[in-house]
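Here's a quick tour of a single chain, written for someone who likes to check backbone angles and packing geometry. Have the viewer open and follow along.

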Amino acid sequence: MDDFDLELDEMELTAAAAGYHYYSSITKQPCHSLSPSKGCGFMTEVLNGHDVVFQEMFRMDKNVFHKLCDILRRRGMLRDTAGVMIEEQLGIFLNIIGHNERNRVIQERFHHSGETISRHFNNVLKAVKSLSREFLQTPSPSTPPEILGNNRFYPYFQDCIGVIGGMHIPAQVPAKDQSRFRNKKGVLSQNVLAACTFDLQFIFVYPGWEGSAAGSRVLRAVLDDPHQNFPHIPEGKYFLVDTGYANMKGFIAPFQGVRYHVHEYRGANQLPRNARELFNHRHSSLSNVIQRSFHVLKTRFPILKLAPQYAFHTQRDIVIAACVLHNYIRRELKNDWLFSSVEGSTVDDLPDVDEHPDIGLVSSVQEQVAFSMRESISAEMWDHFMNGWDQW
């Protein structure tokens, strides 16, 4: 009887080993499907699974994802291969930038080699970046509806067409460049200049500047270089900029030496005491849209929160591609869950810029035009406020 029990144990162990071997051979096989609906386990499961799971894994709605695949396929920007459909190629890319995953993790998840993962990541990055001219566009010169429909901002900011701000993205750079890329917080970063509309869409993105560079210096470099294709500013129109930039023609900054950020107007002394404080508060409330845009962008694509293990030119391209996808999603699904989360709210994160702009970069003519416009706006605003407005 003891011999029989021993023999049975050996048979069970052998069967278990055989079963495990079979399971391992199946799950480690690469996906060579010609249809994403019949693809390897992970992709099939997410494509056919719950919408919330899909959003979490690929950072966008299913319908938006499929429309983007159709664009890339129809225009010949990506091609299906014998082993990887465009849907899976895009899924690999979104999984990486949407979770800041390493190549090795993605290999296990999608059952492809490291070379295959890297190749498709770079192909999709190039394809999405090439859409930048289409999805990063100059705004209309007409008054934005977000200003037109708000008595706090209209008619005072009726000629404003957008907001400019800067953000720092952690960066990996060679040792010889690290001193230039170390920002004021001591972190290695690239300084990204961006402009956005009041609809939370990016108009212009200029990544790649060293973290030690001041925002005003980056803006001046962009304006002096016609190859950067900075949006044309129609006569009389302007962008809002924060305290890290100079007040000059085409760019209206808040008053220096006066409380500015929204959180400074909370508590017992919340009411503005003069025209400049009222102007600064409304300027801050309106220009906070750039911080909300940055917040949505980084929340959707956490690869922008940590220094990715790529060459620096790839790190720059990832920023551009992320902004393109941000705008694409906004246009396709205005009530996307991340955009909805910041509607009507204020993001308290302070901008990643110096509080003292480089005034020396501004000509006296530019400064005088912008000074007169700002004084005129603040005076009109204060006059209305003092004559009975209950909203400030």
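## Ground rules and overview

A residue is called buried here when its relative accessible area is under 20%. Keep in mind that this is a predicted model. By that cut-off, 51% of the 392 residues in the chain are buried.

The chain has 16 helices and five strands. Take the contacts with a sequence separation of 6 or more: residues 24 or more positions apart account for 68% of them. As for the outside, the accessible surface comes to about 19000 Å², and carbon and sulfur atoms hold 52% of it.

## Helix H5, wrapped up

Let's start with H5, which covers residues 86-99. Its 14 residues reach 20 Å from the first C-alpha to the last, close to the 20 Å expected at 1.5 Å a residue. Since 13 of those 14 residues are buried, H5 is largely enclosed by the rest of the structure. Straight after the helix comes Asn100, with a positive phi near 50 degrees.

Gly98 sits in H5. With a relative accessible area of 2%, Gly98 falls under the 20% cut-off and so counts as buried. What does Gly98 touch, leaving out residues up to four places away in sequence? The answer is Arg59, Arg300, Phe301 and Pro302. Phe301 is worth a click: Gly98 and Phe301 are 203 residues apart in sequence, yet their C-alphas are 4.3 Å apart.

## Arg59, one of the Gly98 neighbours

Arg59, which touches Gly98, belongs to the loop between helix H3 (51-58) and helix H4 (62-74). Buried or exposed, then, for Arg59? Its relative accessible area is 7%, which is under 20%, so Arg59 is buried. Its backbone deserves a look too: phi is near 65 degrees, a positive value in a residue other than glycine.

## Two crossings on H14

Helix H14 (residues 312-332) packs against helix H13 (residues 289-300), and H14 also packs against H5. For the H5 pairing, the angle is about 105 degrees and the axes are 12 Å apart. An angle between 65 and 115 degrees counts as roughly perpendicular, so H5 and H14 fit that description. H5 brings Phe93, Leu94 and Ile97 to the contact, while H14 brings Ile318, Ala321 and Leu325. By class, that contact has six nonpolar residues, no polar ones and no charged ones.

H13 and H14 also meet at about 105 degrees, with their axes 10 Å apart. That makes H13 roughly perpendicular to H14. On the H13 side the contact uses Ser293, Val296, Leu297 and Arg300, and on the H14 side Ala322, Cys323, His326 and Ile329. The mix here is five nonpolar residues, two polar and one charged. Arg300 ties this back to H5, as it is also among the residues that Gly98 touches.

## Backbone oddments

Two more loop spots are worth a stop. His111 lies in the loop between helix H6 (103-110) and helix H7 (114-129). Its phi is near 60 degrees, again a positive value in a residue other than glycine. His111 has 23% relative accessibility, so it counts as partly exposed.

Which kind of peptide bond runs from Tyr154 to Pro155? This one is cis, with omega near 10 degrees. Pro155 itself is in the loop between helix H9 (145-148) and strand S1 (160-170).

Note on methods:
Residues numbered from 1 in each chain as written. Predicted model: local features only at pLDDT ≥ 70, side-chain atom pairs only at ≥ 80, totals over all residues. Heavy atoms only, no water. Helix = DSSP H or I, 4+ residues; strand = E, 2+ residues; numbered from the N terminus. Expected span 1.5 Å × (residues − 1). Buried < 20%, exposed > 50% of the residue type's maximum accessible area, 1.4 Å probe, protein only. Axes fitted to C-alpha atoms, helices over the stretch in contact; angles between N-to-C directions. Parallel < 35°, antiparallel > 145°, perpendicular 65-115°, else oblique. Contact = heavy atoms within 4.5 Å. Nonpolar A, V, L, I, M, F, W, Y, C, P; charged D, E, K, R; others polar. Areas by Shrake-Rupley, 256 points an atom, 1.4 Å probe, with all protein chains shown as cover.
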